[in-house]
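Here are some short exercises to help you find your way around a new structure. Try each task yourself, then check it against the worked solution.

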Amino acid sequence: MGGIETTFYRADRARPASGQEPFAVGRSVTPGYFHLLGIPVVRGRGFSDRDRKDSPRVAVINQNLARNFFDGENPIGKQLHILDGGDAAVPAGIVEIVGLTANVRDMGLDEVPFNDI
C-alpha cells in the first residue's frame, strides 16, 4: 500500500531550514478506513462524513509521529503545516490533528519501525 511523501512542520514552531523539514507518508482516506482495516484509534477520532473538501482540514496521525513530534503532549487539537509537495492529493496548508492511531506496518512486513531509524 503506497502513500504520498509529505513534508511538514508543527504550526506552533518555527519552520525548519529548507531541506531540513521532516516528512511523513500520508494518504487520503475515507470515513471507516481505520475500522475496516482494524487500526485502533487510540485518542480522538477517525475521519467522518463531516470531513469534506469544503470543511476545515484535519489529520489523523499515528503513535510514532506523535511520539517524535509531540513527545509527552496530547497532539489532538495541534496543527501541522503541510508544505507544498506538488501533489494535489495532499495540498499545502494547515491541518488540525483530530485523531491518533496505533502504529501499523502498512508499507510491508519488512518495514522498519520509525523509532528504529
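How many salt bridges does a search of the whole structure find?

Solution. The search turns up seven. Keep in mind as you go on that this is a predicted model.

**Exercise 1. Sketch the order of helices and strands, and check how confident the prediction is.**

Step 1. Count the elements: the protein chain has two helices and six strands.

Step 2. Walk along from the N terminus, and you'll read them as β-β-α-β-β-α-β-β.

Step 3. Now look at confidence. The average pLDDT of the protein chain is 86, and 83% of the residues score at least 70. Where pLDDT is low, the predicted coordinates shouldn't be read in detail.

Step 4. Compare the elements. Strand β3 (residues 41-44) has the highest mean pLDDT, 97, while strand β2 (residues 23-26) has the lowest, 84.

**Exercise 2. Describe how the protein chain divides between inside and outside.**

Step 1. Start with the inside: of the 117 residues in the protein chain, 26% are buried.

Step 2. Turn to the surface. The protein chain exposes about 7500 Å², with carbon and sulfur atoms supplying 51% of that area.

Step 3. Check how far along the sequence the contacts reach. Take the contacts between residues at least 6 apart in sequence: 58% of them join residues at least 24 apart.

**Exercise 3. Find the largest nonpolar core and the elements that build it.**

Step 1. List its members. There are eleven residues: Phe-8, Ala-59, Ile-61, Leu-65, Ala-66, Phe-70, Leu-80, Ile-82, Val-95, Ile-97 and Leu-100.

Step 2. Sort them by element. Two or more residues come from each of β4 (58-62), α2, β5 (79-82) and β6 (93-101).

Step 3. Pick the top contributor: β6 gives the most to this core, three residues.

Step 4. Look for a second group. Another core, of five residues, lies apart from the largest one, and its members include Phe-34, Ile-39, Val-60 and Val-98.

Step 5. Zoom in on one core member. Beyond its neighbours within four places in sequence, Phe-70 is in contact with Arg-10, Ile-61, Leu-65, Pro-75, Lys-78, Leu-80 and Ile-97.

**Exercise 4. Decide whether Pro-75 is buried or exposed, and say what it touches.**

Step 1. Locate Pro-75: it sits in the loop between α2 and β5.

Step 2. Use the cut-off. Buried means under 20% relative accessible area, and Pro-75 has 1%, so it counts as buried.

Step 3. Name its contacts. Leaving out residues up to four places away in sequence, Pro-75 touches Arg-43, Ile-61, Ala-66, Phe-70 and Ile-97.

Step 4. Take one of these partners, Ile-61. Pro-75 and Ile-61 are 14 residues apart in sequence, and their C-alpha atoms are 8.8 Å apart in space.

**Exercise 5. Follow Arg-10 from its strand into a network of charges.**

Step 1. Find Arg-10 in strand β1 (residues 4-10). Its relative accessible area is 5%, so Arg-10 is buried.

Step 2. See where its side chain goes: it reaches the backbone oxygen of Phe-69 at 2.8 Å.

Step 3. Recall that side chains of opposite charge can pair when their charged atoms come close. Here, a network of salt bridges links Arg-10, Asp-12, Arg-13, Glu-73 and Lys-78.

Step 4. Pull out one pair from the network. Lys-78 forms a salt bridge with Glu-73, with 3.1 Å between the closest N and O atoms. Lys-78 is partly exposed at 25% relative accessibility, and Glu-73 is partly exposed at 29%.

**Exercise 6. Set two other salt bridges side by side and ask which residues are buried or exposed.**

Step 1. Take Glu-21 and Arg-15, whose closest N and O atoms are 3.1 Å apart. Glu-21 has 14% relative accessibility, so it counts as buried.

Step 2. Take Asp-54 and Arg-52, which meet in a salt bridge at 3.4 Å, N to O. Exposed means over 50%. Asp-54 has 63%, so it is exposed, and Arg-52 is exposed too, with 54%.

**Exercise 7. Place Asn-64 and find its polar side-chain partner.**

Step 1. Asn-64 belongs to helix α2 (residues 63-69). With 10% relative accessibility, it counts as buried.

Step 2. The partner is Arg-67: a polar contact of 3.0 Å joins the two side chains.

Technical notes:
Residues numbered from 1 in each chain as written. Predicted model: local features only at pLDDT ≥ 70, side-chain atom pairs only at ≥ 80, totals over all residues. Heavy atoms only, no water. Helix = DSSP H or I, 4+ residues; strand = E, 2+ residues; numbered from the N terminus. Buried < 20%, exposed > 50% of the residue type's maximum accessible area, 1.4 Å probe, protein only. Polar contact = N/O pair within 3.5 Å; in protein donor to acceptor, adjacent residues only side chain to side chain. Core = buried A, V, L, I, M, F, W, Y, C linked by side-chain atoms within 4.5 Å. Contact = heavy atoms within 4.5 Å. Salt bridge = Lys/Arg side-chain N within 4 Å of Asp/Glu carboxyl O. Areas by Shrake-Rupley, 256 points an atom, 1.4 Å probe, with all protein chains shown as cover. pLDDT = per-residue confidence, 0-100.
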